[in-house]
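Work through the exercises below with the sequence and the model side by side. Try each task before you read its solution.

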Amino acid sequence: MEANKRWLSIPKEIRSRLINNVFCTNCSGVTTIESFTIEDASFGIVLKGKCKKCGHEVARVIESD
């Protein structure tokens with residue numbers, strides 16, 4: 001729940017950029033994350049989901065100040 005609050009506190013346009021800027025090791029490039037969950041981490045939050053192109057598992061780390 002706290003991770004979701006932190007995620008929603010990020011401006012919408014920045015959240016969109018983060019969602020569309022995730023590295024996929026299977027595609028070896030930048031992709032969009034889909035069907036993601038938001039998890040708390042000691043350094044911020046982590047988005048965990050699937051690559052839009054190939055369906056491989058991907059993650060995006062978002063550090064907090």
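**Exercise 1. The strands and their partners**

Which residue in β4 does Ala-41 stand opposite?

Solution. Before starting, note that this is a predicted model, in which local features need pLDDT of at least 70 and side-chain atom pairs count only at pLDDT 80 or more, while totals for chains, interfaces and linings use all residues. Residues are numbered from 1 along each chain as its sequence is written, and side-chain values use heavy atoms, with hydrogens and water left out.

Step one is to fix the terms: helices (H or I, at least four residues) and strands (E, at least two) are DSSP runs, numbered from the N terminus, and two strands pair if DSSP finds at least two bridges between them. Step two is to find the partner, and opposite Ala-41 stands Gly-44 in β4. Step three is to place this in its setting: β3 and β4 pair in the antiparallel sense over 7 bridges, and a hairpin of 2 residues joins β3 to β4.

The next strand can be treated in the same manner. Strand β4 (residues 44-51) pairs with strand β5 (residues 57-63), again in the antiparallel sense and over 7 bridges, and Val-58 in β5 is the bridge partner of Gly-49. The hairpin of β4 and β5 has 5 residues between the strands, and in it Gly-55 takes a positive phi near 85°.

**Exercise 2. Salt bridges**

How many salt bridges are there, and which residue forms one with Asp-40?

Solution. Start from the rule, which asks for a side-chain nitrogen of Lys or Arg within 4 Å of a carboxyl oxygen of Asp or Glu. By this rule the count comes to 3 salt bridges.

Asp-40 forms a salt bridge with Arg-6, and their closest N and O atoms are 3.1 Å apart. This pair links distant parts of the chain, as Asp-40 is in strand β3 and Arg-6 in helix α1, 34 residues apart. To describe their surroundings we need the accessibility classes: buried means under 20% relative accessible area, exposed over 50%, and partly exposed in between (1.4 Å probe, protein chains only). Asp-40, with a relative accessible area of 43%, is partly exposed, and Arg-6 at 26% is also partly exposed.

Another salt bridge joins Lys-48 and Glu-39, with 3.2 Å between the closest N and O atoms. Glu-39 is found in strand β3 and counts as partly exposed at 32% relative accessibility. With contact meaning heavy atoms within 4.5 Å, and not counting residues up to four places away in sequence, Glu-39 touches Ala-3, Gly-44, Ile-45, Val-46 and Lys-48.

The side chains of Glu-57 and Lys-50 also meet in a salt bridge, at 3.8 Å from N to O; here Glu-57 is exposed at 61%, whereas Lys-50 is partly exposed at 35%.

**Exercise 3. The aromatic pair**

What kind of aromatic pair do Trp-7 and Phe-36 form?

Solution. A pair of aromatic rings is described by the distance of the centres and the angle of the planes. Rings of Phe, Tyr and Trp (its six-membered ring) pair if their centres lie within 6.5 Å, and planes under 30 degrees apart count as stacked, over 60 as edge-to-face and the rest as tilted. The structure holds 1 aromatic pair. In the pair of Trp-7 and Phe-36, the distance is 6.0 Å centre to centre and the planes are 75° apart, which is edge-to-face. Trp-7 lies in helix α1 (residues 2-8) and Phe-36 in strand β3 (residues 33-41), so the pair ties together parts that are 29 residues apart in sequence. Trp-7 is buried at 5% relative accessible area, while Phe-36 is partly exposed at 26%.

**Exercise 4. Cysteines without a bond**

Why is Cys-24 not in a bond with Cys-54?

Solution. A disulfide is a pair of cysteine sulfur atoms within 2.5 Å. The sulfur of Cys-24 is 3.7 Å from that of Cys-54, the closest cysteine sulfur, and this is too far for a bond. Cys-27 is in no disulfide either, its nearest cysteine sulfur being that of Cys-54, 3.6 Å away. The structure therefore holds 0 disulfides. As for their surroundings, Cys-24 is buried, with a relative accessible area of 0%, whereas Cys-27 is partly exposed at 32%.
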